Amino acid sequence: MQRTHMIIHGIVQGVFFRTNAKKAAESLGLKGYARNMPDGSVEVVAEGSKENIRELIKFCKKGPRAARVDKVDVYIEEASNEFAGFEVRH
């Protein structure tokens, strides 16, 4: 088990980034959350297998069609097993 903490920069709010990140994470069996940040970025925290975390990172570097991802800060951490599922936080 692994955990990733990402901050996605660019045009990532108001383009269904969080919803699509949730769909991608759930399809990969990952748990965690996605939320908008006050500076216009999106934060994604997810836990699961290394392979599936890698796939979610790939998704976040591209984003949904309407998004423009300029930069993704990726941090790999120890999994805490604190999540029951994947949610969009407000």
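A salt bridge here means a side-chain nitrogen of Lys or Arg within 4 Å of a carboxyl oxygen of Asp or Glu. Glu 43 and Arg 35 fit that description, with their side chains meeting at 2.4 Å, N to O.

Before going on, keep in mind that this is a predicted model, where local features need pLDDT of at least 70, side-chain atom pairs count only at pLDDT 80 or more, and totals for chains, interfaces and linings use all residues. Residues are numbered from 1 along each chain as its sequence is written, and side-chain values use heavy atoms, leaving out hydrogens and water.

Searching the whole structure turns up nine salt bridges. Here are some of them:

| Acidic residue | Basic residue | N to O distance |
|---|---|---|
| Glu 26 | Lys 22 | 2.6 Å |
| Glu 43 | Arg 35 | 2.4 Å |
| Asp 73 | Lys 71 | 3.7 Å |

How exposed are these residues? The labels go by relative accessible area: buried is under 20%, exposed is over 50%, and partly exposed is in between (1.4 Å probe, protein chains only). Glu 43 is buried at 5%, while its partner Arg 35 is partly exposed at 30%. Glu 26 is partly exposed at 42%, and so is Lys 22 at 25%.

That last pair sits in helix α1, residues 17-27, four residues apart, which means about one helical turn separates Glu 26 and Lys 22. Helices are DSSP runs (H or I, at least four residues), numbered from the N terminus.

As for the remaining pair in the table, Asp 73 is buried at 19% and Lys 71 is partly exposed at 45%. Elsewhere, Arg 3, Glu 47, Glu 77 and Glu 82 are joined into one network by salt bridges that share partners.

Terms used:
Helices (H or I, at least four residues) and strands (E, at least two) are DSSP runs, numbered from the N terminus.
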